Amino acid sequence: MERYVCIHGHFYQPPRENPWLERIETQESAYPYHDWNERVNAECYAPIAVSRIVDGSGRIVRIVNNYEKINFDFGPTLLSWIQWHSPHIYGKIIEADRLSIERRSGHGNAMAQAYNHMIMPLAERRDKIAQVAWGVRDFTKRFGRHPEGMWLPEAAVDTETLEIMSEHGIRFTVLSPGQAGAVRPLGWEEWTPVPDGSIDTTRPYLCRLPSGAEMHIIFYDGGISHEVSFGDLLNSGEAFAGRLLEVSRGAGDHSPIVNIATDGETYGHHHKFGEMALAYAVDHIESVPGVRLTNYAEYLSINSPAHEVRIIENTSWSCAHGVERWRSDCGCATGGHPEWNQKWRAPLRSSLDHLRDRLAGVYEEFSSGLLKDPWEARNDYIDVILERSESVKDAFLRTHAVKSLNRLERVTAFRLLEMQRNSMLMYTSCGWFFEDISGIETVQILRYAARAIELAGEVSGRWFEDEFLSGLSEAKSNVEGLGNGADIYRRAVKPSRADLRRATVHVAISSFFEDYPEETELYCYRVERQEYRKLRHDDTEIAVGRLRVSSSITEEEGTFVFAALQLGSYDYNCAVTDRADDESYTRIREDLFTSFSGGDLPGVHKGVQRYFGSERYTIKDLFKDEQQRLLDVLISDTIDDIEKNFEGVYEKNSFLMGLLEEFGHRIPGVLMMATEIALKRELQQALQGTRVDTDRVGFLLGEMKRWHIELDRKWLEMMLRRRLEEEMRRFSESPDSEHLERVNEMLSVVFLFPVEINLWTAQNIYHDMLASVYHDVLRRAEAGREDLREWVEGFLHLGKRLFFNIEEITRS
């Protein structure tokens with residue numbers, strides 16, 4: 001009899017994109033990362049794909065891809081982000097599933113997930129269908145196969161959802177033990193209650209559905225899963241493996257499966273180095289005779305259920321009250337503020353439900369002359385979301401449109417479909433999960449609601465914002481001064497809005513700092529520069545142009561004329577109109593340029609007022625990330641000037657400071673400040689040179705020590721790490737002796753500093769070269785190429801410096 005172990009990771013982040021831009025904007029709470037996706041990817045998703053197995057001295061013996069060993073599901077919106085922002089890791093996730101199919105009897109490790117983490121028991125039937133259909137279609141496109149299993153958001157389940165999953169070819173799902181109500185052996189009539197999670201989790205179960213369909217259900221081991229998530233089991237990979245094997249040895253003789261399910265973010269994000277404990281545990285388990293590390297699909301293909309189960313309707317894995325966490329003040333919360341309440345959840349849910357119904361009415365009414373079956377079209381719209389190419393859009397409309405649509409009809413159809421996409425995104429579960437309605441997760445779902453309201457208004461002329469805000473006003477924040485949901489919406493949601501005009505403003509103002517090509521993509525906007533001219537006089541500049549702007553999402557488009565002014569170093573403003581033909585544009589440009597060339601700024605302002613009206617846009621109206629980038633440019637120029645002045649003060653007075661030190665006199669604070677700024681500037685410049693001068697760096701560090709100057713360790717670590725990674729990438733692209741020497745030089749510099757550097761990326765690059773370049777060079781060196789022997793020795797020496805156990809690696 002073989003015993004089985006399965007470790008499941010549920011990987012998910014809520015969709016975070018600005019719905020008007022389809023990009024995630026800077027999230028300050030994720031600092032020093034750009035946003036929370038980037039941060040969790042760096043701490044979890046990426047390390048799991050390249051996990052270290054180390055020896056007793058902490059030296060790397062192997063780097064392994066844990067996704068090849070564990071069962072997993074990824075949220076489709078998260079996996080889409082990883083595909084574009086971390087393609088190397090995305091490739092490892094997809095490849096892991098392919099390899100697991102080869103190793104696990106034709107069954108892959110990956111499971112599907114309902115599309116955007118909507119709590120399924122609280123959803124309408126047609127939304128449930130869309131969530132399952134979109135999750136299946138997304139999975140199939142990415143992994144190249146139909147999913148056998150599907151993870152339900154928060155494991156929230158009801159019978160209707162299981163029926164829909166079965167209709168879409170889903171064979172199994174995973175639930176918590178507390179979601180089982182009663183069991184019985186197949187063929188028996190009497191049911192045995194399994195209260196309080198007492199179900200035997202080491203065997204699979206069959207759930208018979210009212211339609212006659214069946215769903216296989218595996219219940220995870222709640223105790224071990226809790227120890228992994230909230231205990232200290234990940235402090236030791238050996239203890240982790242031992243705990244799983246201990247339970248396996250104590251199970252029955254029915255080919256038992258010991259399985260756990262946790263948030264995937266447990267490994268590395270919630271528990272630092274958790275991915276290393278995971279790597280050690282699965283490696284150890286695979287070495288134990290009679291125990292097979294498996295995935296759920298393979299286990300079910302070998303072990304058919306011998307028992308039947310009844311689920312408890314409307315339950316989940318993260319709420320003791322069923323699914324109340326997503327609609328009421330049930331008492332479940334993350335615990336950061338025990339004095340707070342979550343009474344805001346109910347009015348938030350009811351406001352969104354009312355809005356959903358209003359949007360559905362608009363969708364059915366205005367799509368009737370465009371789409372054959374509006375709801376079937378919505379189910380297939382995932383194909384367009386996955387690939388927004390003209391060919392895919394055309395194929396979609398050929399299938400679902402009642403006729404060949406003209407340009408305006410296409411815009412209307414896509415606006416309606418996007419309205420529906422946002423009406424589902426606004427139900428993402430995280431909007432209710434946390435402590436207060438002012439949290440970034442709740443603000444995000446309100447953004448989706450706002451975008452859906454806007455699209456409905458553009459199509460129908462009916463604006464639902466006021467009634468939506470009326471409902472939100474009943475959702476009171478716990479944070480003093482923030483008011484209610486309506487106040488938060490006005491303050492945090494409305495400024496996120498963007499349109500073709502705002503894209504024009506962005507290009508107009510930022511054109512003072514960067515040269516745009518004739519055609520460019522700006523988030524989800526395509527911008528065609530039809531005409532652009534710029535004049536400068538002293539510290540004043542004017543730009544006048546005409547742009548064709550279109551949306552890659554809805555296909556709406558427009559032509560805009562702008563006039564932008566830079567008045568001094570920081571004062572930028574812009575005016576825009578969409579009412580200017582060729583003749584009018586020429587007149588606007590010539591009149592403004594004539595006044596500007598003559599130094600008549602009042603005349604320029606009068607001309608702008610005459611042609612564009614009184615509305616003006618400033619830096620405040622730029623998209624958030626680009627706004628920050630522009631401000632960084634302005635700030636960096638100012639800081640550079642200040643630092644140069646301090647550098648001059650230091651150079652002029654360094655001898656005097658030496659005398660003051662020698663004679664035991666106090667050195668004035670202003671001189672110490674100048675010294676600190678100057679030495680840090682010189683150090684940064686030294687580290688950014690083509691070849692780093694080790695002696696120069698050593699001298700500067702000595703001076704800093706002499707004058708008791710403390711370095712910003714975070715800043716220093718980031719600068720050194722990035723420079724080392726840059727040299728490693730160059731070495732991997734050109735693996736010659738010169739680049740090998742430069743990497744070793746840079747490492748010597750790194751080790752001069754009193755700061756621990758994160759060598760993760762450098763080690764990954766080295767490991768890849770060890771598996772590829774090294775063996776080819778070694779073969780040629782052993783064939784008589786004496787010049788390559790020195791390279792081989794230097795490369796292995798580099799590995800030791802990067803904390804690899806080179807002796808053991810090369811032996812194997």
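**Cavities and salt bridges: a short tour**

Hi everyone, let's start with the empty space: the count comes to eight cavities of 30 Å³ or more. Please keep in mind that this is a predicted model.

So how big is the largest cavity? Its volume is about 80 Å³. Around the largest cavity you'll find Ser510, Phe513, Glu514, Leu622, Glu626, Arg629, Leu630 and Val633. Helix H22, residues 624–662, supplies the largest share of that lining, with four residues. If you sort the lining of the largest cavity by class, you get four nonpolar residues, one polar and three charged.

Next comes the second largest cavity, at about 70 Å³. Its lining is made up of Pro14, Pro15, Arg16, Gln27, Thr428, Cys430, Ile440, Glu441, Gln444 and Ile445. Which helix gives the most to this lining? That would be helix H16, residues 440–460, with four residues. By class, the second largest cavity is lined by five nonpolar, three polar and two charged residues.

Now, on to charged pairs. The model has 82 salt bridges, and I've picked a few to walk through with you.

Take Glu418 and Arg421, whose side chains meet in a salt bridge at 2.9 Å, N to O. Both sit in helix H14, residues 407–425, and because they are three residues apart there, about one helical turn separates them. Are these two buried or exposed? Glu418 is buried, at 3% relative accessibility, and Arg421 is buried too, at 7%.

Compare that with Lys680 and Glu676, another salt bridge, where the closest N and O atoms are 2.9 Å apart. This pair belongs to helix H23, residues 669–687, and since the two are four residues apart, they are separated by about one helical turn. Lys680 is partly exposed, with a relative accessible area of 21%, and Glu676 counts as partly exposed at 31%.

My next example is Arg742 with Glu727, a salt bridge with its closest N and O atoms 3.4 Å apart. Here the pair links distant parts of the chain, 15 residues apart: Arg742 is in helix H26, residues 737–750, while Glu727 is in helix H25, residues 713–733. Arg742 and Glu727 are both buried.

Finally, which residues are joined into one network by salt bridges that share partners? They are Glu124, Arg126, Asp353, Arg356, Asp357 and Glu364. Do pull that group up on your screen and have a look. Thanks for listening, everyone!

Notes
Residues numbered from 1 in each chain as written. Heavy atoms only, no water. Salt bridge = Lys/Arg side-chain N within 4 Å of Asp/Glu carboxyl O. Buried < 20%, exposed > 50% of the residue type's maximum accessible area, 1.4 Å probe, protein only. 1 Å grid on protein atoms, 1.4 Å probe; cavity = no way out; pocket = protein on both sides within 12 Å on 5 of 7 lines; lining within 4 Å. Points joined across faces, edges and corners; volume = space filled by probe spheres on them. Nonpolar A, V, L, I, M, F, W, Y, C, P; charged D, E, K, R; others polar.
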